[in-house]
Amino acid sequence: MAALFWIYSFFDVWVLIFLKRRFIIDFSETSYFCSRYMREQKDQQRYIGEMGLPESGPSIIIIAGMHGNEPAGIYASEYVFDFIRKNGLKVNGFVTALKGNLPAIQKNVRFVDKDLNRLWTDEYLQSDDDSVREIAELKSLHTELNRLCQQTNGDCLLLDLHTFSAKSGIFAMPSGQTHARKIAGDLGVPFVNRLAQVLPNTAVNYYGSKGIDTLAFEAGNHEAHESVDNMISALFVTLVSAGCLDEGNIPGIDNHRNRLKQTANGLPQKMELVYRFTLEDASQFKMNPGYTNFQKITKGEHLANLNGEKVLAPLDGYMLMPLYQKIGSDGFFIVK
Ligand SMILES: [Zn+2]
């Protein structure tokens, strides 16, 4: 009995020490971490984190996992938030990271009923169709994005993080706004003009058309751990470029810039979209193996098969986003 009492007392003391430590850690640090902590308790799913003060500068909204089989952005955002907090970096403005398609993330699939990144229209935002689970995700994200953009006195930037099924080749897709294009330029990776405007009903396209600075970043293959590293580097460089972080305070910022530059592998930074091969039914499409982003292709080259027929390159250029999964609305793009 005495032994049981001793064990109970010992356990109790450690519980108290643990609670005290949590209290000290969670509430004695900067205000942005308290804000983030409380937000996470309130909504453990949608929010990856938030930090800073809305009235102190621009509002940066990161969306990770718009496609549920692309979790790299979630890991990268968690890393960057933890790094900023642990190193006590000052944040100007307000940075928020949100998960995109929650039911799809849970199932690790691109989407459940419809591709969330092809639903960004006023019609879908007003739809009451509850047979498509992504409609609820769309509305929930839109409400949060509006709230976050309205609460800032400064610029609002939406950064949409993606990976792809091809093997390699990172790039950025800015909306038409000068500020978004400037940030894309600072990343030091190829960015493709007009692509964001041509891809139908994407978040970048929708918010860009409403005058909000938007930028999609394609970090690498879905499965590659380098995709997470590339996103971490892109997040730091973007936060510096947008004025949220002072680069002099970020240990290793040059390494982040070098990583992006080296991964871009000497490709021209500004490219134009010249061709898009759209698909009605991706299950009947088979890309020939081995194509990567920005691989040179020549007119007449046999690129893929659709319904048993050859698909040939209609012109010279560079391959972009060849489809190596059985789901999607575009077989490939050609840029120059
Ligand atoms: Zn994606």
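Visitor: Which residues of helix H7 (residues 178-187) are buried?
Guide: Before we look, this is a predicted model, so local features need pLDDT of at least 70 and side-chain atom pairs count only at pLDDT 80 or more, while totals for chains, interfaces and linings use all residues. Residues are numbered from 1 along each chain as its sequence is written. Buried means that 20 or more other C-beta atoms, placed from the backbone, lie within 10 Å of a residue's own (12 or fewer is exposed, in between is partly exposed). In H7, the residues that qualify are Ala180, Ile183, Ala184 and Leu187.

Visitor: Why do those residues lie on the same side of H7?
Guide: Helices (H or I, at least four residues) and strands (E, at least two) are DSSP runs, numbered from the N terminus. An α-helix has 3.6 residues a turn, so residues three or four places apart point the same way. The arc is taken from the directions from the helix axis to the C-beta atoms. The buried residues of H7 are on the same side because they cover an arc of only 100 degrees.

Visitor: Which helices are among what covers the buried residues of H7?
Guide: Contact here means C-beta atoms, placed from the backbone, within 7 Å. The cover includes strands E5 (171-174), E6 (191-193) and E7 (213-221). It also includes two helices, H10 (225-241) and H11 (253-264).

Visitor: How far does helix H6 (residues 133-150) reach from its first C-alpha to its last?
Guide: The expected span is 1.5 Å times one less than the number of residues. H6 has 18 residues, and 26 Å is expected. The model comes close to that, at 27 Å.

Visitor: Which exposed residues sit on the face of H6 turned away from its buried side?
Guide: The buried residues of H6 are Glu134, Ile135, Glu137, Leu138, Leu141, Leu145 and Leu148. They cover an arc of only 160 degrees around the axis, which puts them on the same side of H6. The face turned away carries the exposed Thr143, Asn146, Arg147 and Gln150.

Visitor: How many residues of strand E2 (residues 59-64) are buried?
Guide: On one side, Ser59, Ile61 and Ile63 are buried, and on the other so are Ile60, Ile62 and Ala64. That makes the buried count six of six.

Visitor: Which residue of strand E4 (residues 156-164) is the bridge partner of Ile61?
Guide: Strands pair if DSSP finds at least two bridges between them. E2 and E4 pair in the parallel sense over six bridges. The partner of Ile61 in E4 is Leu158.
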